[in-house]
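Please look through the sequence and the model shown here, and then follow the strands and the core through the paragraphs below.

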Amino acid sequence: MEGVGRDFVLVPLAVLLFVGAHAQSDRHKADERVVRITASRFEYNPPRIELKKGEPVTLELISLDRVHGFNIPDLGLRADVLPEQSVRVKFTPDKAGTYTFLCDIFCGDGHGEMSGTLVVKE
Ligand SMILES: [Cu+2]
């Protein structure tokens, strides 16, 4: 029974280490930040993205199932999100605030709730 308790601790720790290393290599490769976002019925992952005002960023979007539409109406940004090939949206947020991104290509019953939040901090 002792071994069972230990596994519960080790698994989440391994996940954290992997995610941490991955995020760091993204920053190192290019000189700017890349945020990978997956789209699938009916969610974006991650559903919340935090950016810094004035810091250039590339959003790299790919779909896990069908075509979705990534749209941030208040920032005038949009892209078709395809299953086979990732699409990159580059921009520099120049205004702090909280913005909603949503799917603008009908993808099924939960389409209307397919959205997320982009937070730009000062
Ligand atoms: Cu949709």
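Strand β5, residues 68–72, pairs with strand β8, residues 97–103, in the antiparallel sense over two bridges, where strands are DSSP runs of E with at least two residues, numbered from the N terminus, and two strands pair if DSSP finds at least two bridges between them. Within β5, Phe70 stands opposite Cys103 in β8. The model is a predicted one, in which local features need pLDDT of at least 70 and side-chain atom pairs count only at pLDDT 80 or more, while totals for chains, interfaces and linings use all residues. Residues are numbered from 1 along each chain as its sequence is written.

β5 also pairs with β6, again in the antiparallel sense, over five bridges, and here Gly69 stands opposite Asp80 in β6. These two strands form a hairpin with four residues between them, and Gly76 in the turn has a positive phi of about 65°.

The wider arrangement is an open, mixed sheet of five strands in the order β3-β9-β8-β5-β6. Because β3 (48–52) and β6 (77–81) stand at the edges with a single partner strand each, one side of each is left without a neighbour in the sheet.

Phe70 is also among the residues with the most contacts inside the largest nonpolar core, which has 14 residues, the others being Ile37, Ala39, Tyr44 and Leu61; such a core is a set of buried Ala, Val, Leu, Ile, Met, Phe, Trp, Tyr and Cys residues joined through C-beta atoms within 7 Å, and a residue is buried if 20 or more other C-beta atoms, placed from the backbone, lie within 10 Å of its own. Two or more residues of this core come from each of β1 (33–40), β4 (57–63), β8 and β9 (115–121).

Terms used. A residue is buried if 20 or more other C-beta atoms lie within 10 Å of its own, exposed if 12 or fewer, and partly exposed in between; C-beta atoms are placed from the backbone.
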